[in-house]
Every structure is written in C-alpha cells, then in structure tokens.
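Work through the following exercises with the model open beside you, and try each task before you read its solution.

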Amino acid sequence: MKKIIFALLALLAMCLPASDTIWEVKNPEESVWFSAFENRARVIEEKFGVKFDAKWKPKVEFARPESFPPTVETPLAGRYIFATQSFLVSPRWKSDVRIALIDHELGHALADQVSRRIGNGAWPGEWNGDVDQLEEMMARNFISEGIAEYFENIGKRHPKRTKGGYKNLPESWFDQELWRNIYRRYEGSYWIVQPILKRHGIHGLVYLMTHPFKYSLGGNVRGPALEYQKKAMEDLKKMTS
C-alpha cells in the first residue's frame, strides 16, 4: 500500500495545474532577468523531467527583503518568495545576470510547486518566528538548500563533486565555522540530497519533502544526515522497484 500511495504522489507531482499568476515586466533590467529565468526554467524541465506550473511566469524584483538589515545585502544574492511565488534579486546584480543564482532559485520554486501539487502545501515555507519551531525549520532548510544546489548544478557541464561533502555539516553547536559559513552549509546540504535526486528524480524530490530530516540535540547534523541519506536510498529502492 505504501508503494502505491508513493507512486500516486509522484504521478500527481507530474501534473500541471494552471496558474493565474501572470506577471507584467516593468523595466529593461527586469525584462532581461525575466527572459533568463524563463530560459533556465526550460533547461531544468528538460534535465529533470518535471515541468513548472502551466502559465506560471517568474516575477523578478530588485530589492532586499524588508526584514533584512542593510548589512545582509552582500551575501543575499537572490531569494524565492513563497507567498507570491516570485523572486528577489539584490539590486547590486541588476545589470549582471547570474545563471547559477537563477538555477538555484528556480530549484526552490520547482520544489515548492511540486509540494503544492501533491497537497503538501508551500515548501519549505517561511519561519513564523516561533522559537519552538526554529530547529525544525533549520533542519528543513538543509534539505531545501540542498535541492536548490542540485538544480544549480544540473545544467552545468561539470557539476560540483560531493565526495567528502558531509564534512561541511556541523557535528555540534560548537562548530561555529560550519554553522556561520553559508557556503559550506550549502555544500553539506548538496551532499545529502544529490544521490537521492540523481538516482530517483521526481520520486526522490517527493521523498525529501514528505520525509522530514531531523538533526540531533546539541547541533549534530552530520551523523543524522548520513543515516537519513542511507535510509532514503533504501526506502526509494523498495518503493520504486
């Protein structure tokens, strides 16, 4: 029964609900980025075999989220906004289209759309500020950013390697370098999901969004990540065989 339900979820994820969200391009810079997002969306669809929602068009705005202080603008290159299914791009990149950034944010968008198709709601969603849910959201973020990193690499001639990537995952709250360094955390997140998505495609994506990852008390992400990846590969082999 579990195999049947999972197969139905994967089939549902392939369906294309129509979207009423059709955006108006406001200026030349947005037009260039809009075209780039549309072109890269087609590449991702071809490479991964799953389409974005029918009639959905990417809206691109050059702005920093109001909740972010000015000092955060430098590392904030782009962001996917779940509420509007649109994108924010740092104003500093307005005249410099970045394919890696676009593919990364499109990865977030595709995962979110697939999650909504299967009745799982917006994914991973925005943190509502509840401290009790912070660790759950952070754990979900590891998977979410890993998925985005996978799509960032899916169209590259030479995708980044995953060997030893688990070493970028912290083993405790004392590993401050690994918690603070967003690039290393992304490397670790990519390591978790890459073999799952590469081997199992849409089934792997559905699994990652419907089987929550949890790390241990004390901030140990590395150990639970190794176990999660192993179990996911075993479960998916059974579910898809």
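**Exercise 1. A salt bridge inside one helix**

Task: Decide whether lysine 231 is buried, partly exposed or exposed, and then describe how this residue is linked to aspartate 235.

Solution: Lysine 231 has a relative accessible area of 46% in this model, which is a predicted one. Since buried means under 20% and exposed over 50%, lysine 231 is partly exposed. Aspartate 235, with a relative accessible area of 13%, is buried. The two residues form a salt bridge, in which the closest N and O atoms are 2.7 Å apart. Both lie in helix α7, which covers residues 222-240, and they are 4 residues apart, which is about one turn of the helix.

**Exercise 2. A network of charges**

Task: Find out which residues are joined into one network by salt bridges that share partners, and examine the pair formed by lysine 51 and glutamate 45.

Solution: The network consists of Arg42, Glu45 and Lys51, joined by salt bridges that share partners. Within it, the side chains of lysine 51 and glutamate 45 meet at 3.9 Å, taken from N to O, and a salt bridge requires these atoms to be within 4 Å. Lysine 51 is partly exposed at a relative accessible area of 46%, whereas glutamate 45 counts as buried at 10% relative accessibility. A search of the whole structure finds 12 salt bridges.

**Exercise 3. A link between distant parts of the chain**

Task: Explain why the salt bridge between arginine 117 and aspartate 53 ties together separate parts of the chain.

Solution: Begin with the contact itself, where the closest N and O atoms of arginine 117 and aspartate 53 are 2.9 Å apart. Next, locate the partners: arginine 117 belongs to helix α3 (residues 99-117), while aspartate 53 sits in the loop between α2 (28-48) and β1 (60-62), so the pair ties together parts that are 64 residues apart in sequence. Finally, consider the accessibility of each partner, which is 10% for arginine 117, a residue that counts as buried, and 12% for aspartate 53, which is buried as well.

**Exercise 4. Reading a sheet**

Task: Work out the order of the strands in the open sheet, and say which strands stand at its edges.

Solution: The sheet has 3 strands in the order β1-β3-β2, and its pairing is mixed. β1 and β2 stand at the edges with a single partner strand each, so one side of each of them has no neighbour in the sheet. On average, neighbouring strands are turned by 25° against each other when direction is ignored. Now look at one pair in detail: strand β2 (residues 78-81) and strand β3 (residues 86-89) run antiparallel and are joined by 4 bridges. Glycine 78 has valine 89 in β3 as its bridge partner, and tyrosine 80 has phenylalanine 87 in β3. Helix α3 packs on the sheet, where it touches β2 and β3, and its direction makes about 15° with that of β2. The hairpin of β2 and β3 has 4 residues between the strands, and in this hairpin glutamine 85 takes a positive phi near 50°.

**Exercise 5. A nonpolar patch**

Task: Identify the residues that form a nonpolar patch on the surface, and place valine 32 within the fold.

Solution: The patch is formed by Val32, Val97 and Ile99, which together have about 210 Å² of accessible area. Valine 32 is found in helix α2, and with a relative accessible area of 47% this residue is partly exposed.

How values were computed
Residues are numbered from 1 along each chain as its sequence is written. This is a predicted model: local features need pLDDT of at least 70, side-chain atom pairs count only at pLDDT 80 or more; totals for chains, interfaces and linings use all residues. Side-chain values use heavy atoms; hydrogens and water are left out. Buried means under 20% relative accessible area, exposed over 50%, partly exposed in between (1.4 Å probe, protein chains only). Helices (H or I, at least four residues) and strands (E, at least two) are DSSP runs, numbered from the N terminus. Patches are made of residues with over 30% relative accessible area and no salt bridge: like charges are joined within 9 Å, nonpolar side chains (Val, Leu, Ile, Met, Phe, Trp, Tyr) within 5 Å. Accessible areas come from the Shrake-Rupley method with a 1.4 Å probe; for residues, only the protein chains shown count as cover. Two strands pair if DSSP finds at least two bridges between them. Axes are lines fitted to C-alpha atoms, for helices over the stretch in contact, and angles run from 0 to 180 degrees between N-to-C directions. Contact means heavy atoms within 4.5 Å.
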